[in-house]
Amino acid sequence: MAVRVHPPCLRFASSLVNSSKSQGVATPIHGGVGGGVSTARFMSSAPSPYTTLSARVSCEREIKKSKFIAIATRISDDRSAQSFLSELGDQYRSNDDGEPSGTAGKPIYSAIESSGLDRVMVVVIRHFGGIKLGTGGLVRAYGGVASECLKGAATCLVKPKARIGMEVPFELLGAVYHQLQHFQAEDIKQDYETGNDGTTMVTFKVEYGNIVALEDAINSTCSRKIHFYKQTLA
């Protein structure tokens with residue numbers, strides 16, 4: 001298995017083996033990339049748009065009687081990655097299960113890197129057929145089936161968004177909503193209990209590329225400085 005999500009979310013890689021001797025229990029096999037999670041935080045510079053999978057894809061190859069099944073999906077963070085893994089079984093253990101270190105996680109991760117996709121997870125399941133492939137054979141098998149799975153898969157361009165909050169006087173709500181609609185803000189909500197007297201807290205989601213222009217437009221329309229609070233969204 002390999003996962004690629006650019007900071008500030010998650011980056012780690014490993015592999016997954018389901019061999020005849022494991023009695024169907026899904027077993028994550030950690031490759032050379034190792035594990036690590038970084039804490040999400042708001043970035044001062046706008047995150048770039050990225051290309052990811054539109055939907056889950058899979059493919060299967062048989063190599064010297066071993067069946068390799070690759071499953072790739074789009075993820076947003078470590079929670080969604082773990083949720084995807086949980087669909088493959090509830091029991092997990094971390095070991096090499098006889099596979100040489102670095103023969104699964106690394107080549108799968110390299111396949112993701114080569115594809116140019118981001119925020120994707122690839123799991124490769126091997127049903128052992130009784131014939132050893134050797135280090136080079138395993139690298140080619142895991143990396144090859146991962147590449148084949150991603151090649152030609154339907155993709156989409158994602159433009160990162162931020163959740164914005166601002167305290168708005170009641171008399172300016174109409175003008176503010178006009179600008180929010182103009183800049184295609186989404187999931188607009190109001191909270192009358194959070195702000196000061198005579199104001200309401202308005203929150204919404206908007207593409208990073210529209211934030212500066214939206215802030216300028218609202219401040220200009222309202223003829224006063226409105227403070228904005230931002231939170232990065234995946």
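These are my notebook entries on a predicted model of a single chain.

**Entry 1: Overview and confidence**

I began with the general make-up of the chain. I counted five helices and 13 strands. Of the 234 residues, 44% count as buried. I then looked at contacts between residues at least 6 apart in sequence, and 74% of these join residues at least 24 apart.

Next I checked how far to trust the model. The mean pLDDT of the chain is 76, and 74% of the residues reach 70 or more. Where is confidence lowest, and where is it highest? The low end is strand β4, residues 27–29, with a mean of 28. The high end is strand β6, residues 57–63, at 94.

I marked two stretches to read with care. Over residues 6–44 the pLDDT stays under 50, although the model has 116 contacts beyond four places in sequence for them. Residues 91–97 also stay under 50, and there the model has 22 such contacts.

**Entry 2: Helix α3**

I turned to helix α3, which covers residues 134–150. Its 17 residues reach 24 Å from the first C-alpha to the last, close to the 24 Å expected at 1.5 Å a residue. I asked myself which residues of α3 are buried. My list reads G137, L138, A141, Y142, G143, V145, A146, C149 and L150. After the helix comes G152, and I noted that its phi is positive, near 80 degrees.

**Entry 3: The nonpolar cores**

How many residues does the largest nonpolar core have? I found 23, and those with the most contacts inside it are L53, F68, V122, V124, Y142 and L150. At least two residues each come from β6, β7 (66–74), α2 (105–115), β8 (120–127) and α3. Helix α3 gives the most, with seven residues. Two of its buried residues, Y142 and L150, are also among those with the most contacts in this core.

Apart from this core lies another, of 21 residues. Among its members I wrote down I164, L180, A185 and V206.

**Entry 4: Strands β7 and β8**

I looked more closely at β8, since V122 and V124 had come up in the core. This strand is mostly covered, with seven of its eight residues buried. It runs antiparallel to β7, and eight bridges join the two. To find my place in the pairing I used A70, which stands opposite V124 in β8.

**Entry 5: Strands β10, β11 and β12**

Then I followed another set of strands. Strand β10 and strand β12 (residues 199–207) run antiparallel, joined by nine bridges. Here V168 stands opposite T200 in β12. Strand β11 is also antiparallel to β12, with four bridges between them. In that pairing D191 stands opposite M201.

I also looked up K161, which is found in strand β10. Is K161 buried or partly exposed? It counts as partly exposed, because its relative accessibility is 22% and buried means under 20%. K161 and E186 are 25 residues apart in sequence, and their C-alpha atoms are 9.8 Å apart in space.

**Entry 6: Salt bridges**

My last search was for salt bridges, and the whole structure holds six.

I looked at D187 and R163, whose closest N and O atoms are 2.4 Å apart. This pair links distant parts of the chain: D187 sits in strand β11 (residues 186–191) and R163 in strand β10 (residues 161–169), 24 residues apart. D187 counts as partly exposed, at 33% relative accessibility.

D187 has a further partner in K189, with 3.9 Å from N to O. K189 is partly exposed too, at 45% relative accessibility. Which residues do the shared partners join into one network? They are R163, D187 and K189.

I also noted the salt bridge between E60 and K67, whose closest N and O atoms are 3.8 Å apart. With a relative accessible area of 33%, K67 is partly exposed.

Definitions and conventions. Residues numbered from 1 in each chain as written. Predicted model: local features only at pLDDT ≥ 70, side-chain atom pairs only at ≥ 80, totals over all residues. Heavy atoms only, no water. pLDDT = per-residue confidence, 0-100. Contact = heavy atoms within 4.5 Å. Salt bridge = Lys/Arg side-chain N within 4 Å of Asp/Glu carboxyl O. Buried < 20%, exposed > 50% of the residue type's maximum accessible area, 1.4 Å probe, protein only. Expected span 1.5 Å × (residues − 1). Core = buried A, V, L, I, M, F, W, Y, C linked by side-chain atoms within 4.5 Å. Pairing = 2+ DSSP bridges.
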